[in-house]
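Good morning, everyone, and thank you for making the time. Today I would like to walk slowly through some charged side chains, so please keep the picture in view while I talk.

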Amino acid sequence: IRHFASRVLTRDAYTAECLRAKGIDARFLGNPIMDGIGEPGPEKVTEPPVIGLLPGSRDEADHNFRRILRVIDGVSEPAQYLCALSPVLDIEKMAESVAADGWTRTAGHLLQKDDKTVQMGKDLFETVLHDSTLVIGMAGTANEQAAGMGRPVVSFVGAGAQTTPSRMIDQERLLGGAAAYISDFPEGVSREISYLLAHPEERERRGAVGRERMGPPGGAKKIAEFLMQEFGL
């Protein structure tokens with residue numbers, strides 16, 4: 001990078017700081033993935049709390065969704081579960097994939113098992129980002145957006161390249177612990193969720209780290225203005 005790049009724009013402030021320490025002209029002007037999803041805000045107080053589910057947007061989302069529901073099985077605290085699905089995913093297929101685990105599709109896009117209900121939807125992404133107390137995330141960009149909105153993210157190994165141990169550990173490092181990778185599946189993941197539900201001060205701490213690492217909205221405009229000013233584009 002030092003030899004071939006005249007300017008470096010990073011996706012987070014911490015990376016820019018590390019590169020500058022190595023003599024690279026790096027700066028953080030904002031991360032464009034935080035644009036278009038609203039302003040970060042404080043945690044909403046709901047009863048019971050909302051737990052957002054992000055199974056990802058790729059072919060392995062069915063498998064990852066099933067693993068997420070195994071985690072939910074081990075959470076004893078009352079909660080509302082909202083699952084944000086990518087437009088490319090098939091809700092019917094995803095509901096069928098968890099039927100063998102005891103989940104039954106009821107009215108609309110609701111899944112029911114004992115005293116737990118999961119609402120699935122392709123228009124729930126911004127609701128998950130704004131209303132969740134915490135997020136169970138098996139995604140790439142969406143996990144980072146959730147952390148940037150101040151929502152603690154809990155992740156674990158799934159199927160596909162997005163959820164390998166090394167990928168999840170890298171994401172945890174990038175986000176400064178705002179996204180916590182838990183290797184003990186599913187019991188350890190369930191315990192982590194119960195811990196966060198019981199400790200609002202820890203949710204607040206992780207949320208603040210996520211907002212700091214990802215930065216506020218407006219990055220796309222600032223980057224465009226920088227390019228126009230520096231290079232006359």
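Let me start with a question: where do Arg 173 and Asp 170 lie, and by how much of a helical turn are they separated? Both belong to helix α6, which covers residues 165–174, and because they are three residues apart there, about one helical turn separates them. What we are looking at is a predicted model, and in this model Arg 173 forms a salt bridge with Asp 170, with 3.0 Å between the closest N and O atoms. As for their surroundings, Arg 173 is exposed, at a relative accessible area of 55%, while Asp 170 is partly exposed, at 43%.

That pair is part of a longer list, since the structure holds 17 salt bridges, and I will take two others.

In one of them, the side chains of Glu 192 and Arg 206 meet at 2.8 Å, N to O. This pair links distant parts of the chain, with Glu 192 in helix α7 (residues 187–198) and Arg 206 in helix α8 (residues 200–214), 14 residues apart. Are these two residues buried or exposed? Both Glu 192 and Arg 206 are buried, and through salt bridges that share partners they are joined with Glu 202 and Arg 205 into one network.

Finally, consider Lys 116 and Asp 115, whose side chains meet in a salt bridge at 4.0 Å, N to O. Here Lys 116 is buried, with a relative accessible area of 14%, whereas Asp 115 counts as exposed, at 66%.

Definitions and conventions
Residues are numbered from 1 along each chain as its sequence is written. This is a predicted model: local features need pLDDT of at least 70, side-chain atom pairs count only at pLDDT 80 or more; totals for chains, interfaces and linings use all residues. Side-chain values use heavy atoms; hydrogens and water are left out. Buried means under 20% relative accessible area, exposed over 50%, partly exposed in between (1.4 Å probe, protein chains only). Helices (H or I, at least four residues) and strands (E, at least two) are DSSP runs, numbered from the N terminus.
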